[in-house]
Amino acid sequence: MRLQHVTKIVIAACCCLSLTACGNNDNSSGDQTSVIPAAADEQTGGSSIWDLLQPDRTDQTVAVNRYLWAASLDILDFLPVDFVDPFTGVIATGYGTPPDGGRAYRATIHISDPALEARALRVSLQTRSGPISPETSRAVEDAILARARQMRIADNRF
């Protein structure tokens with residue numbers, strides 16, 4: 001009877017030691033917090049067994065400004081939409097020709113912030129022969145921002 005009791009204690013101690021060995025607590029700065037981006041954490045599979053008990057970070061989304069989103073689709077309505085992800089704020093289009101133009105463009109729009117500001121919007125334009133000038137891309141960003149402000153002002157009237 002005593003041998004069974006000691007065996008159970010030894011097995012429990014071995015389990016505790018093996019779980020403790022799974023963690024990575026080798027921080028030379030003494031800081032016990034680890035900052036791992038969600039994407040990097042998904043690739044490595046987590047840093048320890050304790051990560052299984054943490055809330056799932058893959059459900060986190062980026063809030064996007066609805067006026068920037070609608071204005072982007074409105075300004076670039078001549079481009080066929082290939083991919084839309086409102087949770088990460090990405091709109092990717094195929095090649096399309098503007099109504100008064102002869103050159104085909106495609107765009108990738110990234111809205112990274114819920115604020116109606118220029119820093120929240122990134123537009124990347126490309127032709128079949130390569131990327132376009134930064135001035136043209138900036139002009140499209142300005143047009144999207146101006147349209148988004150018009151939409152917001154129109155919403156506040158009602």
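Trainee: Which helix and which strand are included in what covers the buried residues of H4?

Mentor: This is a predicted model, in which local features need pLDDT of at least 70 and side-chain atom pairs count only at pLDDT 80 or more, while totals for chains, interfaces and linings use all residues. Residues are numbered from 1 along each chain as its sequence is written, and side-chain values use heavy atoms, with hydrogens and water left out. Helices (H or I, at least four residues) and strands (E, at least two) are DSSP runs numbered from the N terminus; buried means under 20% relative accessible area, exposed over 50% and partly exposed in between (1.4 Å probe, protein chains only); contact means heavy atoms within 4.5 Å. On these terms, what covers the buried residues of H4 includes helix H3 (66–75) and strand S4 (121–127).

Trainee: How far apart are the end C-alpha atoms of helix H4?

Mentor: The expected span of a helix is 1.5 Å times one less than its number of residues. H4 has 24 residues (134–157) and should therefore span 34 Å, which agrees with the separation of its end C-alpha atoms, 35 Å.

Trainee: Which element supplies the largest share of the largest nonpolar core?

Mentor: A nonpolar core is a set of buried Ala, Val, Leu, Ile, Met, Phe, Trp, Tyr and Cys residues joined through side-chain atoms within 4.5 Å. The largest one has 21 residues, and Leu68, Leu76, Ile109, Leu121, Val123 and Ile144 have the most contacts inside it. H3, strand S3 (105–111), S4 and H4 each supply at least two residues of this core. The largest share, 5 residues, comes from H4.

Trainee: Which residues of H4 does leucine 68 contact, leaving aside neighbours within four places in sequence?

Mentor: The contacts of leucine 68 include Ile111, Leu116 and Leu121, and also Ile144, Leu145 and Ala148. The buried residues of H4 include Ile144, Leu145 and Ala148. The H4 residues in contact with leucine 68 are thus named in its contact list as Ile144, Leu145 and Ala148.

Trainee: How far from glutamate 141 is the nearest side chain of opposite charge?

Mentor: Glutamate 141 has its place in helix H4 and touches Leu121, Arg122 and Val123, not counting residues up to four places away in sequence. Lys and Arg count as positive and Asp and Glu as negative, while His and the chain ends are not counted; a salt bridge is a side-chain nitrogen of Lys or Arg within 4 Å of a carboxyl oxygen of Asp or Glu. Glutamate 141 is buried yet has no salt bridge, and the nearest side chain of opposite charge, arginine 122, lies at a distance of 4.5 Å.

Trainee: Which parts of the chain does the salt bridge of aspartate 155 and arginine 66 tie together?

Mentor: The side chains of aspartate 155 and arginine 66 meet at 3.0 Å, N to O. The pair ties together parts 89 residues apart in sequence, because arginine 66 lies in helix H3 and aspartate 155 in helix H4.

Trainee: Which residues do salt bridges that share partners join into one network?

Mentor: Arginine 119 meets aspartate 113 in a salt bridge of 2.6 Å, N to O, and forms another with glutamate 117, where the closest N and O atoms are 2.6 Å apart. Aspartate 113 is buried, at 17% relative accessible area, whereas glutamate 117 is partly exposed at 35%. The network joined by these shared partners consists of Asp113, Glu117 and Arg119.

Trainee: Which strands stand at the edges of the sheet?

Mentor: Two strands pair if DSSP finds at least two bridges between them. In this model, 5 strands form an open sheet in the order S1-S2-S3-S4-S5, with antiparallel pairing. Each edge strand has a single partner strand, so one side of each is left without a neighbour in the sheet; these are strand S1 (81–85) and strand S5 (130–131).

Trainee: Which residue in S3 stands opposite alanine 92?

Mentor: Alanine 92 is found in strand S2 (residues 90–93), and S2 pairs with S3 in the antiparallel sense over 3 bridges. Alanine 92 is buried, with a relative accessible area of 18%. Its C-alpha atom is separated by 4.4 Å from that of a residue 16 residues apart along the chain, threonine 108. The residue opposite alanine 92 in S3 is threonine 108.

Trainee: Which residue takes a positive phi in the hairpin of S1 and S2?

Mentor: S1 and S2 run antiparallel and are joined by 4 bridges, with valine 84 opposite isoleucine 91 in S2. The hairpin has 4 residues between the strands, and the positive phi, near 80°, is taken by glycine 89.
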